[in-house]
Amino acid sequence: MIATSFRITRDVITARGKDARGFLHSQLSNDIAGLAVGSSRYAFALEPTGKVAAFLRVVCLADDHFMLDVDAGCGESALARLNKFKIRVACDFVLESREILALRGLSDAERTAALEREGAISAWRENDGAVDVFLGADGDSTSTDGAADYHAVRVRCAWPIFGIDINADSLPAETGLTDACVSFTKGCYPGQELVERMDSRGSTAPRRLMRLPRRPLSAAATTGPDSTATAATAGMPYQLADGTVIGQCTSAAGDFALVMVQRAHLGVAEQLARS
């Protein structure tokens with residue numbers, strides 16, 4: 001993948017106060033207590049039912065100063081979820097919108113160099129070669145590619161957007177993000193019981209977000225794309241060439257689609273994902 005850059009907008013919640021670290025650790029699905037200054041980590045804020053209320057990235061700026069960023073338009077609901085459990089806690093929140101230079105498709109060396117820039121933090125998974133630079137930190141004016149190209153990169157990397165690919169009805173196990181967002185060794189947080197129970201019992205979620213080819217195979221095929229299959233379209237059922245619907249397409253760009261696959265069809269979907 002060739003290195004590219006894009007301008008995107010994120011909603012940002014600043015958390016300050018002597019209780020900020022402890023409060024965030026008690027509310028989020030990942031380990032914030034051990035997050036080093038200058039480091040970042042993705043996490044969920046869950047409802048007590050175990051459903052996802054917010055999908056955040058947490059950046060530790062100081063022991064009592066954190067930045068939480070979410071997809072554009074999701075800041076108010078994320079802040080409401082945090083405030084819901086903020087009782088006698090010395091932590092103040094401020095919500096704003098920030099512009100980011102999203103660098104994608106970086107080699108290991110390019111990613112290391114990019115992280116040296118002022119305002120730069122890791123993005124997505126490490127092997128995605130992704131770094132975000134908060135603009136205004138270094139006055140960057142780099143020209144960027146369009147939104148369609150950005151979405152093609154994120155779909156290829158199987159990185160969802162909250163409110164599009166996953167939402168408030170999603171369970172963590174359905175998102176494809178537990179590897180990046182959930183610690184199974186930390187203490188209690190709202191919604192943890194369901195997350196831990198599904199993991200310990202090896203339970204399969206009712207559905208799972210997966211990256212699949214935009215032009216799917218027939219149910220009987222095991223290799224090669226089926227040229228008769230209709231290309232997947234966001235918001236439409238994901239249908240195989242033989243007419244079988246295996247889930248709902250949430251995003252489609254480039255050669256791939258993100259599909260919320262029903263549990264009964266995970267086997268054929270895993271075949272498609274390997275093709």
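Two strands are taken to pair when DSSP finds at least two bridges between them. With that in hand, the pairing in this predicted model can be followed strand by strand. Strand S1 (residues 4–16) and strand S5 (residues 92–104) run antiparallel and are joined by 13 bridges. Within this pairing, Phe 6 has Ala 102 of S5 as its bridge partner. S5 also pairs with strand S7 (residues 131–134), again in the antiparallel sense, over four bridges. Here Ala 102 comes up once more, standing opposite Asp 132 in S7. As a general reminder, the strands of a sheet pair through backbone hydrogen bonds, in either a parallel or an antiparallel manner.

Further along the chain, an open sheet is built from four strands in the order S8-S11-S10-S9, with antiparallel pairing. S8 and S9 stand at its edges with a single partner strand each, so one side of each has no neighbour in the sheet. On average, and ignoring direction, neighbouring strands of this sheet are turned by 45° against each other. The antiparallel strands S8 and S11 are held in register by seven bridges, and Arg 207 has Gln 262 in S11 as its bridge partner. Helix H8 packs on the sheet and touches S8, S9, S10 and S11, while its direction makes about 30° with that of S8.

A look at the helix itself shows which residues face inward. In H8 (residues 266–274), Leu 266, Val 268, Ala 269 and Leu 272 are buried. Viewed down the axis of H8, the buried residues fall within an arc of 160°, so they line one face of the helix. These buried residues pack against S8 (207–213), S9 (237–239), S10 (245–253) and S11 (256–262).

The cysteines were examined next. A disulfide is a covalent bond linking the sulfur atoms of two cysteines. A search of the whole structure, which asks for cysteine sulfur atoms within 2.5 Å, finds zero disulfides. Two cysteines illustrate this result. For Cys 60, the closest cysteine sulfur belongs to Cys 91 and lies 12 Å from its own, which is too far for a bond. Cys 60 counts as buried because its relative accessibility is 0%. For Cys 181, the closest cysteine sulfur is that of Cys 74, at 14 Å, and this too is too far for a bond. Cys 181 likewise has a relative accessibility of 0%, and therefore counts as buried.

Conventions:
Residues numbered from 1 in each chain as written. Predicted model: local features only at pLDDT ≥ 70, side-chain atom pairs only at ≥ 80, totals over all residues. Heavy atoms only, no water. Buried < 20%, exposed > 50% of the residue type's maximum accessible area, 1.4 Å probe, protein only. Helix = DSSP H or I, 4+ residues; strand = E, 2+ residues; numbered from the N terminus. Arc of directions from axis to C-beta. Contact = heavy atoms within 4.5 Å. Axes fitted to C-alpha atoms, helices over the stretch in contact; angles between N-to-C directions.
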